[in-house]
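The following note sets out points for a colleague who has the model at hand. It takes up the contacts with DNA and then the interfaces between protein chains.

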4 protein chains.
Amino acid sequence: MDNFQIHFGHITHPTQQKILQSAVKIFSQKGFSGSTTREIAREAGVSEATIFRYFETKKDLLLALISPSMVKSITDLFVDMDGESEENVLKNFLKRNAEAIKDNQDLLKIILYEALFHPEIKEIIFKEIVQKKTRLLESYFEQQKRDGQFKDIDSKTATQTLIGMLIGFQLFKYAFPSQDTNPKQENDILDDIIRIFLYGMKK
Amino acid sequence: MDNFQIHFGHITHPTQQKILQSAVKIFSQKGFSGSTTREIAREAGVSEATIFRYFETKKDLLLALISPSMVKSITDLFVDMDGESEENVLKNFLKRNAEAIKDNQDLLKIILYEALFHPEIKEIIFKEIVQKKTRLLESYFEQQKRDGQFKDIDSKTATQTLIGMLIGFQLFKYAFPSQDTNPKQENDILDDIIRIFLYGMKK
Amino acid sequence: MDNFQIHFGHITHPTQQKILQSAVKIFSQKGFSGSTTREIAREAGVSEATIFRYFETKKDLLLALISPSMVKSITDLFVDMDGESEENVLKNFLKRNAEAIKDNQDLLKIILYEALFHPEIKEIIFKEIVQKKTRLLESYFEQQKRDGQFKDIDSKTATQTLIGMLIGFQLFKYAFPSQDTNPKQENDILDDIIRIFLYGMKK
Amino acid sequence: MDNFQIHFGHITHPTQQKILQSAVKIFSQKGFSGSTTREIAREAGVSEATIFRYFETKKDLLLALISPSMVKSITDLFVDMDGESEENVLKNFLKRNAEAIKDNQDLLKIILYEALFHPEIKEIIFKEIVQKKTRLLESYFEQQKRDGQFKDIDSKTATQTLIGMLIGFQLFKYAFPSQDTNPKQENDILDDIIRIFLYGMKK
DNA sequence: AATGAATGAGATTTCATTCAT
DNA sequence: AATGAATGAAATCTCATTCAT
């Protein structure tokens, strides 16, 4: 609805595409266990039997959504930290990530929440998302410290803090949207977040 | 297991207590939809019929865990912002919340996950947790700004940012615990987080 | 409600009385299989366990309501056919029966419905109600035929016909009461029924 | 068993037909609440799950039997009052109805008895059966009165009386069949009933 | 390639009944 | 005499999955 139509690049058959898209929609609304193959089939406009032609089990359907290649295609979009100033670098990073999150909110919702109960999903997240982002930021912070720009604050902590800020921003934006938690413009909020973080880090 | 035995203060009957505790354990491991009343009964050492003597439906069992009074008893523990210095005030706040989270991790996991799919739960969280913490922090920030201590950064944003930091900290601590994401001592990490935030906010 | 409080004469204990009365109420509203001992207990203001102190099984509770002595106490009220004229005799008969039905409608509803599914109840009805009424009427008709008052119509048929008329009257009165099926006064209707029957039978 | 195989005209699928027929059989033997879906499934030679493929709930299965269209198909068979003499007209009416009842006894048993506990069923009976028969007879009686054939007896009462007679006849025929309540031939009994009624009504 | 039909296994819920107090 | 607590057994209903076409 307020979501892009995800295209599952490595999947060829249009029926399979429809099923995957419907699964994203239903799973994100009701969770994996709370969804039925019947609903997904109905949403996709196919019979339940058809789902099982393409995916051996319901769990396989979930895992197809979260295949490493799938996750990679989301996270690889923005791997570089660039920009003319520190402020710009971080702002670019946050903004690109905010956009990637926005474009894939339903899928991310599924991934994050099902990770709680499926270790293999947690593993994928950790390897494909957490570690990558973490390393990227950590090495950036190390660089800045070496250049004498940043305080001597542990880079892991700084990384987790920044990611936490991003998550907090998303949380209030998506989880409690109508409740006017913050009337400011998204862009201004991101600017403020960066200000807090940067001035906190800078010498 | 790695969790305190929660005591549901307003519940009188020991059997009911056992059922609630078992429900917390099972729901937190498999999610509400993924759990069966049979498992909960087995865990509690009672028959399934006994569960339904105390809770009309499975959903009612979930809601009993998340009753406003329940949630209140968690969140009301620490309502004051106090301490001799700003640093101390914030550190106290974060630490107390970190402890409250630790003591109730299973229950919080359930609440956060199920809030996604049950609007009435989201409502409770919003009213009993988000709004309370938010207001507390916001008024503290407003005070600091008035006193000329803090920069003129939007208090809502500052609040969301600080909460995000806390969430980030928890996330890495609980979601990816074994993966040595951060070897530093918990206390030191909190100190660093506060340093970043405070120096970001201070004039 | 619109029903007398039946008193189960041979029952001594007040708790047992209450249970029987509640059973009549609930069974008549939902049928035997559709009622639960819980409802009956609640209605009687006792615990379910108490019901089973007085009645070994739920079925025994039903049978206690329909014990021959119970049924006898209803039907024996009016055993004579008397009156100064044929018209009066029949009218007295119909009226007394209409009253007996009115005073025991809930119990009769139960008896009639459950007779369908419990042969032992059907047996009781047949012996205690049908046969008695039937014999009474048949011998009256035989007498009238012998006296040259009535046509030579089979007495069994006449009996069944008259009873049918009474049932029809009751049916419209109780089954479709609000639907204004017949605005006339009850007494006038009975008069008309008797006129039809009597003029049909008389030579 | 002693019943025609009802064909549910508007239902297409043979499995659904089998289920409906089995439901008629079981419900008529044990009542709705006293029957289990397991028995019905066994009788129909399908799994319980299959029943719920065709009928969302057990109650829906009951209501499908008593759908207005179903009831209509029974009662619409005989709507005309015709014949050369009054005697013939009434005899035709009673006979046709007696036949319709015979052909659908199990279903009628269900309808009549469940109407006691399910207002929506009572409603259907009233609209589809009672009102139709009632109107038909009432207008016939009005006509006869206008033609000077019948006494000035209230037409509603006359109608209820005649219907009562028919019910009485059926009752003794079906409810106490083996007990030799009436050894006369069915046809003769109907003749007698009509004689009583007609001579009761005629001027 | 797609599906209508069917179901086994199991989930939730109900309910008559027991029993210790 | 009465009941709160508990439950075995069964009832209704669900759902992922299979299979013949």
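1. A polar contact is a pair of N or O atoms within 3.5 Å. The model under discussion is predicted. Thr37(A) satisfies this cut-off, because one of its polar side-chain atoms lies 2.6 Å from a phosphate oxygen of DNA strand F.

2. Chain C also reaches the phosphates of DNA strand F. For Tyr54(C), a polar side-chain atom is placed 2.6 Å from a phosphate oxygen of the strand. For Arg53(C), an N or O atom of the side chain lies 2.8 Å from a phosphate oxygen of DNA strand F. As to secondary structure, two or more residues of the surface near DNA strand F are given by each of α3 (48-54) of chain A, α3 (48-54) of chain B, α3 (48-54) of chain C, and both α2 (37-44) and α3 (48-54) of chain D.

3. Around DNA strand F there are 33 residues, and those that come nearest are Thr37(A), Thr50(B), Tyr54(B), Thr50(C) and Tyr54(C). On the side of the nucleic acid, 62% of the atoms of DNA strand F that come within 4 Å of the protein belong to sugar and phosphate. The protein surface near this strand comprises 16 polar, 10 nonpolar and seven charged residues.

4. The interface of chain A and chain B involves 52 residues of chain A and 51 residues of chain B. The buried area is about 4200 Å², with carbon and sulfur atoms giving 71% of it. Within chain A, the residues that lose the most area to chain B are Phe117(A), Gln160(A) and Ile196(A), which together make up 16% of what that side buries.

5. How many salt bridges and polar contacts are found between chain A and chain B? There are zero salt bridges between the two chains, while three residue pairs are in polar contact, both residues being at pLDDT 80 or more. The side of chain A that touches chain B draws at least two residues from each of α1 (14-30), α7 (105-115), α8 (119-146), α9 (155-174) and α10 (186-201). Of these, α9(A) gives the most, with 12 residues. By class, this side of chain A holds 24 nonpolar, 15 polar and 13 charged residues.

6. Chain A is superposed on chain B by a rotation of 180° with a shift of 0.1 Å along the axis, at an RMSD of 0.2 Å. The two copies are therefore related as by a two-fold rotation axis. Gly200(A) is the residue of chain A that comes closest to the rotation axis, its C-alpha lying at 1.8 Å. Both copies use the same surface, in that 94% of the contact residues of chain A recur in chain B.

7. For chain C and chain D, the contact joins 51 residues of chain C to 52 residues of chain D. These chains bury about 4200 Å² between them, 70% of it on carbon and sulfur atoms. The greatest losses of area in chain C fall on Tyr113(C), Gln160(C) and Ile196(C), together 16% of what that side buries.

8. Between chain C and chain D the count is zero salt bridges and three residue pairs in polar contact, both residues at pLDDT 80 or more. On the side of chain C that touches chain D, α1 (14-30), α7 (105-115), α8 (119-146), α9 (155-174) and α10 (186-201) each supply at least two residues. The most come from α9(C), which gives 13 residues. This side of chain C divides into 25 nonpolar, 15 polar and 11 charged residues.

How values were computed. Residues numbered from 1 in each chain as written. Chains lettered and ligands numbered in written order. Heavy atoms only, no water. Near = heavy atom within 4 Å. Polar contact = N/O pair within 3.5 Å; in protein donor to acceptor, adjacent residues only side chain to side chain. Helix = DSSP H or I, 4+ residues; strand = E, 2+ residues; numbered from the N terminus. Nonpolar A, V, L, I, M, F, W, Y, C, P; charged D, E, K, R; others polar. Contact = heavy atoms within 4.5 Å. Buried area = accessible area lost by both parts, 1.4 Å probe. Salt bridge = Lys/Arg side-chain N within 4 Å of Asp/Glu carboxyl O. Least-squares fit on C-alpha atoms with pLDDT ≥ 70 in both.
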